[in-house]
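Here are a few notes to read alongside the model. I hope they help as you look it over.

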Amino acid sequence: MKYLDPRIEEMPRTEIEALQFKLLKTLVYRLYSFSDFYRSRMKEHNVHPDDIRSLDDIVKLPFMYKKDLRDNYPDGMFIGGQEDLVRYHVSSGTTGKPTVVGYTHRDLENWAISVARGLTSIGLGRRDVLQVSYGYGLFTGGLGLHYGAERMGATVVPASVGNTERQIELIQDLRVTAIACTPSYMLHLSEVAEKMGVSFERDTRLRTAVLGAEPWSEKMRARIEGSTGIKAYDIYGTSELSGPLFTECSEQNGIHIWGDLAYVEVIDPETGERLGPGEKGELVITMLQKEALPMMRYRIGDITSFEDSVCGCGRSHVRISRIQGRVDDMLIIRGINVFPSQIEHALMSVPELGEHFQIVVDRKGALDTMLVRVELKSAQLFSDKLDDLIRLKNKVAHQLRNNLNVAVDVELVSPETLTRFEGKAKRVIDRRVL
Amino acid sequence: MTYTITQISIFAENRPGRLAAIAEALESENINILAFSIAEASGFGVIRALVDDPERAFKKLSSLGYVVSTTEVIGIKMHDRPGGLREISRMLGDAGINIEYAYAYTGRPNAVLIIRVDHVDEAINAILSKGGQLIQRTELA
């Protein structure tokens with residue numbers, strides 16, 4: 001099957017744009033009528049839904065930011081009541097407060113359709129067995145791929161994360177043909193498989209990997225494909241938009257953003273001006289059909305560029321390039337978003353610690369590691385017992401683990417030993433080579 | 001008579017040059033180190049030392065930003081010959097004294113075993129009542 005929905009996927013660009021305009025109008029009226037947040041934000045910007053007379057008029061609308069979600073925690077930006085929701089997902093936030101995303105039945109349906117179209121576009125279908133090795137739970141990765149693959153008719157192995165040897169046995173025993181996981185986990189899997197004497201090419205039917213939730217590169221793709229014989233495809237999304245949503249197609253030449261679900265802009269992060277095709281800037285997405293938690297001109301913070309020519313696969317929708325970085329200091333560790341401000345927040349709750357810390361991110365084998373070096377507070381009561389220091393170190397690690405949902409190594413250091421910075425502190429050392 | 005001795009303890013991460021910096025700080029104050037030990041955990045350690053002027057050492061190191069504390073320990077005189085440690089440690093064992101940590105030096109005027117225990121006064125009484133000899137605070141200054 002080439003397309004999941006040929007009518008939409010091959011729709012001429014002018015028709016897509018007409019549809020987008022119609023959906024945008026509806027969205028803006030709906031937000032203005034039912035959302036206190038969006039109405040007041042629009043009023044601040046002197047814009048009324050009647051001002052939106054063409055698709056290009058979208059530039060008149062205000063941006064929204066991750067901060068808005070945080071300020072309205074947990075559900076201040078939702079439209080409708082809890083009775084309309086069928087699910088929550090929760091992702092870690094920037095200062096300890098998480099981001100909560102609610103879904104109506106239709107939101108889940110559109111999410112699954114988006115993923116199903118993407119999986120179809122890379123050549124998967126009913127004859128495939130897809131192992132979902134993203135985390136299941138509050139994180140959107142596992143369930144997002146799960147329902148998308150089921151929607152397409154593939155057979156899902158909901159393996160979730162961890163227990164790598166067992167995962168490799170499942171790949172063999174259940175004749176798994178495709179896997180969805182983070183690129184670093186894919187590398188880890190192939191290393192473990194090699195140790196077990198399993199060759200994916202010789203001993204399994206695994207030929208496709210759908211990789212995302214953390215930054216990776218063409219170099220890494222070449223490495224994965226070269227060492228495993230598996231074709232690797234990029235998938236993109238964030239929890240605020242629903243979760244993993246959009247993938248590359250078999251052409252491996254940009255991620256298709258389904259125009260009936262999302263409107264793409266790339267802007268200059270400094271001026272907010274719109275950029276043209278091929279120009280690198282900050283991605284802004286408007287979710288055209290999202291019900292429970294609408295997203296209008298949402299500045300995700302990811303850096304990319306867009307391409308609006310028709311793809312070699314025949315699909316007419318706008319494509320974005322692989323994500324090339326962040327406009328802020330967000331780190332992605334084993335698929336989890338981590339902001340240095342969250343780390344600071346967690347450390348400051350421990351009275352024995354000073355204000356200075358350093359984050360060292362590295363990749364050991366295929367897995368991301370994060371080390372937090374933190375100074376002890378000077379002139380404090382310190383017991384002289386190693387046990388107490390070890391307990392303190394464990395307490396800090398536990399605190400960070402709870403706040404970030406990622407395991408962290410902790411190193412306690414003496415006061416005044418970490419480098420001081422004049423102006424903006426450079427607290428992150430990222431040694432990963434992607 | 002005061003049988004407890006004030007030990008200084010300094011937190012230090014495992015990094016080349018840390019000990020030298022601490023020793024240098026003490027040297028600059030003309031403080032003599034009589035005994036010291038390093039206890040090591042993963043990535044960091046605690047340097048413990050007996051010095052001739054613990055109060056000044058504490059002040060100096062604190063002013064330099066080190067995490068320092070003082071702890072009362074006991075110094076038990078040992079015979080500097082085979083069996084010296086056995087005599088003392090047997091005595092402690094018989095008295096039911098649990099040693100949290102210990103280190104030793106040989107030299108003036110005796111070999112000395114320095115121990116940190118939970119109940120300092122009980123330990124002192126037990127050792128003295130068994131005929132053990134303890135270093136007095138004044139002997140170090």
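**How the two domains of chain B meet**

1. About 1,300 Å² is buried between domain 1 and domain 2 of chain B, and carbon and sulfur atoms give 59% of that area. Buried area here is the accessible area (1.4 Å probe) that two parts lose on being put together, summed over both. In domain 1 of chain B, the residues losing the most area to domain 2 are Thr4(B), Ile5(B) and Leu34(B), together 42% of what that side buries.

2. Please keep in mind that this is a predicted model: local features need pLDDT of at least 70, side-chain atom pairs count only at pLDDT 80 or more, and totals for chains, interfaces and linings use all residues. Residues are numbered from 1 along each chain as its sequence is written, chains are lettered from A and ligands numbered from 1 in the order in which they are written, and side-chain values use heavy atoms, with hydrogens and water left out.

3. Domain 1 of chain B covers 4–72 and domain 2 covers 74–140, with bounds that come from an automatic or database domain assignment. Their centres, taken over C-alpha atoms, lie 22 Å apart. Domain 1 of chain B brings 15 residues to the contact and domain 2 of chain B brings 13, where contact means heavy atoms within 4.5 Å.

4. One salt bridge is counted between the two domains of chain B; the term means a side-chain nitrogen of Lys or Arg within 4 Å of a carboxyl oxygen of Asp or Glu. Glu72(B) forms a salt bridge with Arg137(B), with 2.8 Å between the closest N and O atoms.
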